Amino acid sequence: MPNLRYFDAASVKKPVQSPKSAVHTEFLRTGRINRPQQWSVEEKRYLTHQEVATRTGRRLEAAGTVTHERINGFHASIRFPKLIFHRTLSGRPHLGYCHVTTARTKFAKFDDVRWSFYIANFFSDIGANEHFFEKIKLGYSRMYFAVATELDAEEGKLTLNRTVHENGLLFRTRDPKEALKNVLLLGACNERLRKIINSL
């Protein structure tokens, strides 16, 4: 993939708009055709990948904060910890994902599953190997997903638990309402509450 370059569109000076008049009368009067000015290279301020990653991270964490507030605002018995952090993809700092929350639940035949909920600003398949995101599709604005995790005793960090469900993926969707419903189902403490959430 070629190196991507980003420039700050907000810093580009907009061309001064000439007063609206009919083009043909202006040409007859002055003999000139006024064309909109194009951007010049001098006016563009290119951003470093670090600056783009910082801007992407701010947007992702803002989306994660709003999502966490919506999840915790649903019902008093469903509360999730706020654990918001983000990562951007190497070589593509305009793409990234944000961790929103984590919890434990009973899932299908598993009695105790630790899971994490994420938001990404792209849609992709979840890979089976070391590449977590595969076949990234940029045409969709967001992806909401939850994965089962486990503590790796050797490395001392959380890793993907691929023995649970479909290769560790609990759900993946483009729809924020469906994502909210799935997270609430994972956090529901009893069957009665699950039935209420399913009826929504």
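Helices and strands are taken here as DSSP runs, with helices of at least four residues and strands of at least two, numbered from the N terminus.

**Figure 1. Overview of the predicted model, from which the close-ups below are drawn.** Counted this way, the secondary structure of the protein comes to four helices and 10 strands. Reading from the N terminus, the elements follow the order β-α-β-α-β-β-β-β-β-β-β-β-α-α. Of the 200 residues in the protein, 34% are buried. Take contacts between residues at least 6 apart in sequence, and 51% of them turn out to join residues at least 24 apart.

**Figure 2. A look into the largest nonpolar core, a set of 23 residues.** Nonpolar side chains in soluble globular proteins tend to be buried together. Here, the residues with the most contacts inside the core are Phe80, Trp115, Phe117, Leu170, Phe171, Val183 and Ile197. Two or more residues each come from strands S4 (92-107), S5 (110-120), S8 (143-152) and S10 (169-173), and from helices H3 (176-187) and H4 (191-198). Helix H3 is the top contributor, giving five residues to this core. Do look for the other core as well: it lies apart from this one and has 14 residues, including Leu95, Tyr118, Ala120 and Phe133.

**Figure 3. Helix H4 and its two faces, with Leu193, Arg194 and Ile197 on the buried side.** Viewed down the axis of H4, the buried residues fall within an arc of 105°, so they line one face of the helix. Ile197 is also one of the residues with the most contacts inside the largest nonpolar core. Arg192 and Lys195 are exposed, and they sit on the face of H4 turned away from its buried side.

**Figure 4. The packing of helices H3 and H4.** Two packed helices are described by the angle between their axes and the distance between the axes. For H3 and H4, the angle is about 170° and the axes are 9 Å apart. Since angles over 145 degrees count as roughly antiparallel, H3 is roughly antiparallel to H4. At the contact, Lys181, Leu184 and Leu185 in H3 meet Arg194, Ile197 and Asn198 in H4. Arg194 and Ile197 will be familiar from the previous figure, as both are buried residues of H4.

**Figure 5. A network of salt bridges linking Asp125, Lys137 and Arg172.** Side chains of opposite charge can pair when their charged atoms come close. The structure holds two salt bridges. In one of them, Lys137 pairs with Asp125, and their closest N and O atoms are 3.7 Å apart. This pair links distant parts of the chain, with Lys137 in strand S7 (residues 133-137) and Asp125 in strand S6 (residues 123-126), 12 residues apart. Asp125 also meets Arg172 in a salt bridge, at 3.2 Å from N to O. Here Asp125 in strand S6 is joined to Arg172 in strand S10, 47 residues apart. How exposed are these residues? Lys137 is partly exposed, with a relative accessible area of 31%. Asp125 is partly exposed at 23%, and Arg172 is partly exposed at 32%.

How values were computed:
Residues are numbered from 1 along each chain as its sequence is written. This is a predicted model: local features need pLDDT of at least 70, side-chain atom pairs count only at pLDDT 80 or more; totals for chains, interfaces and linings use all residues. Side-chain values use heavy atoms; hydrogens and water are left out. A nonpolar core is a set of buried Ala, Val, Leu, Ile, Met, Phe, Trp, Tyr and Cys residues joined through side-chain atoms within 4.5 Å. Buried means under 20% relative accessible area, exposed over 50%, partly exposed in between (1.4 Å probe, protein chains only). The arc is that of the directions from the helix axis to the C-beta atoms. A salt bridge is a side-chain nitrogen of Lys or Arg within 4 Å of a carboxyl oxygen of Asp or Glu. Axes are lines fitted to C-alpha atoms, for helices over the stretch in contact, and angles run from 0 to 180 degrees between N-to-C directions. Angles under 35 degrees count as roughly parallel, over 145 as roughly antiparallel, 65 to 115 as roughly perpendicular and the rest as oblique. Contact means heavy atoms within 4.5 Å.
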